[in-house]
Amino acid sequence: MDKQETLEIRKLLTKNNCRIDRIAGCFVDENGQVITDLKDTWRAMPEEEVEKYCELFRKTLTGKQGKNLFHLEFPLREEEEGGRQNLMYRVLQDNFHDPALVQGFCRQIIQNLSLMGRYLILLGHGAYDIPAKSSDGTEMDDASEYVYLFLVCCICPVTEIKEGLCFDEESLTFINKRSDLGVQAPEVGFLFPEFNDRAPDIHAVQWYAKKEEERHPELIDGLVGGDMPVTVSAQKEQFKDIVEQTLGRDCDFENVKSLTEAVDEMLKEQKDNPEPVELGKTEVRRLLHESGAAPDSLGQTFEESFDEMVGEGGTINAESIGGRSVMEIRSPSVKISVKSDMTQMITTRIIDGREYLLIPVQDNIELNGIRILNSRRLQEDQPEERD
């Protein structure tokens, strides 16, 4: 799913445009035992509660691809009878009418999830009559091509809300409020099927993780199977290793700065394209060549490095390695942050046999919050000597 498609489905999870028609799920204790199953009271639920549920569902479609959102494909074997995709598809098509089917699906989540404490498994079923679009991109509500049935799941920690003084509107005074259980933002969740090319894609799931490093691979394996998604951090590390190994002795400040600026410029040119900018072996080789890589290093050295880090035929998402608003320069004892559109003012120079980074000193500089004057300003402010 690209950004526009994710946004289109998120809009269906708002109080005033909610396409959820049923909810289900269960409340689970610290030992993985079900405390209670949710009863479907969706249509009779007060607006305030509907809004809270919608907010939780929307969270599972929030974030950045490769950091919070991940495209997962089912292995073909999982679409056969008894497979993971087959079970999820049956739950979707049943529309939560069979309690035993829903409970069985929730038990599968519990058996495969490693999560400390109590948590809520919340399932939402929805239907979206997808409006067709004209050639100029205008939606035609009276012309629909598909009905998108979807299942959205969020798994939310349930924690105690601390005791404290709260204002009581009836008595117009502050009273001591006892500790209650509160549902927190989702830790993990998913949308099935994916919404690709504005149509259902029953072969894939969009996975959500609150934290990139906590995608809950054990649950992915239990519900989807197949390969683990590559994170933004992993792609940054892959790209870093490729650059360092390929450039070798040419991996200096100017070449790396040129490479960074080239990736940023590519993303600017593609900013209106909802599709992610993927860099294959050919694109990465060209960027390295334009950034000063020696021709001989772009042969076997580069080929082996790219295939080892990314895999033959693999790609790197340009947004994972570029598009930063600030360029950071680090050493064990120094950290310098420069706005990306100002990096051209940084240069290097050899002085007395040592290499230095040169950053022009401008006005309005502060040291520990104290405004200081640079030498040029001091010279300008000195009165001219008279003969």
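Let me start in helix 8, where Arg-286 and Glu-290 sit four residues apart, so that about one helical turn separates them. The model we are looking at is a predicted one, and in it the side chains of these two residues meet in a salt bridge, with 3.4 Å from N to O. The general background is that an α-helix has 3.6 residues a turn, so residues three or four places apart point the same way. As for their surroundings, Arg-286 is partly exposed, with a relative accessible area of 38%, and Glu-290 is partly exposed as well, with a value of 48%.

A comparable arrangement can be found in helix 6, which covers residues 232-247, and there Lys-240 and Glu-244 are again four residues apart, with about one helical turn between them. They form a salt bridge whose closest N and O atoms are 3.5 Å apart. Lys-240 counts as partly exposed at 34% relative accessibility, and Glu-244 is partly exposed with a relative accessible area of 40%. If you look at the charged residues around this pair, you will find that Glu-237, Lys-240, Asp-241 and Glu-244 are joined into one network by salt bridges that share partners.

Which parts of the chain does the salt bridge between Glu-303 and Arg-285 link? In this pair the closest N and O atoms are 2.4 Å apart, and the link runs between distant parts of the chain, with Glu-303 in helix 9, residues 300-309, and Arg-285 in helix 8, residues 281-290, the two being 18 residues apart. Glu-303 is partly exposed, at a relative accessible area of 28%, and Arg-285 is also partly exposed, at 24%. Taken over the structure, the number of salt bridges is 18.

Not every charged residue has such a partner, and Asp-29 is a case worth pausing on. This residue lies in the loop between strand 1, residues 20-28, and strand 2, residues 34-37. Asp-29 is buried and yet has no salt bridge, since the nearest side chain of opposite charge, that of Arg-118, is 8.3 Å away, whereas a salt bridge would need a side-chain nitrogen within 4 Å of a carboxyl oxygen. What the side chain of Asp-29 does reach is the backbone nitrogen of Gln-33, at 2.8 Å.

Turning to the surface, I would like to point out two patches. The positive one is formed by Lys-64, Lys-67, Lys-236 and Arg-324. Of these residues, Arg-324 is placed in the loop between helix 10, residues 318-321, and strand 15, residues 326-330, and Arg-324 is partly exposed, with a relative accessible area of 40%. The nonpolar patch is made of Leu-165, Phe-167, Leu-172 and Phe-174, which together have about 510 Å² of accessible area. Leu-172 is found in the loop between strand 6, residues 164-168, and strand 7, residues 173-177, and at 63% relative accessibility Leu-172 counts as exposed.

Let me now move to helix 3, residues 84-94, in which Gln-85, Asn-86, Leu-87, Met-88, Val-91 and Leu-92 are buried. Just after helix 3 comes Asn-95, which takes a positive phi of about 60°. Asn-95 is found in the loop between helix 3 and helix 4, the latter being residues 99-112, and Asn-95 is buried, with a relative accessible area of 18%.

As a general point, most residues other than glycine have a negative phi, and most peptide bonds are trans. With that in mind, where does Arg-198 lie? Its place is the loop between strand 10 and strand 11, residues 199-201, and the phi of Arg-198 is near 55°, a positive value in a residue other than glycine. Arg-198 counts as buried, at 18% relative accessibility. There is also a cis peptide bond, which joins Phe-192 and Pro-193 with an omega of about -10°. Pro-193 is placed in the loop between strand 9, residues 188-192, and strand 10, residues 194-196.

Finally, a word on Glu-214, which is placed in the loop between strand 12, residues 204-209, and helix 5, residues 217-223. At 33% relative accessibility, Glu-214 counts as partly exposed. Between the C-alpha atoms of Glu-214 and Gly-353, which are 139 residues apart along the chain, the separation is 47 Å.

Conventions:
Residues numbered from 1 in each chain as written. Predicted model: local features only at pLDDT ≥ 70, side-chain atom pairs only at ≥ 80, totals over all residues. Heavy atoms only, no water. Patch = residues over 30% accessible without salt bridge, like charges linked within 9 Å, V, L, I, M, F, W, Y side chains within 5 Å. Areas by Shrake-Rupley, 256 points an atom, 1.4 Å probe, with all protein chains shown as cover. Lys, Arg positive; Asp, Glu negative; His and termini not counted. Charge placed at Lys NZ, Arg CZ, Asp CG, Glu CD. Buried < 20%, exposed > 50% of the residue type's maximum accessible area, 1.4 Å probe, protein only. Polar contact = N/O pair within 3.5 Å; in protein donor to acceptor, adjacent residues only side chain to side chain.
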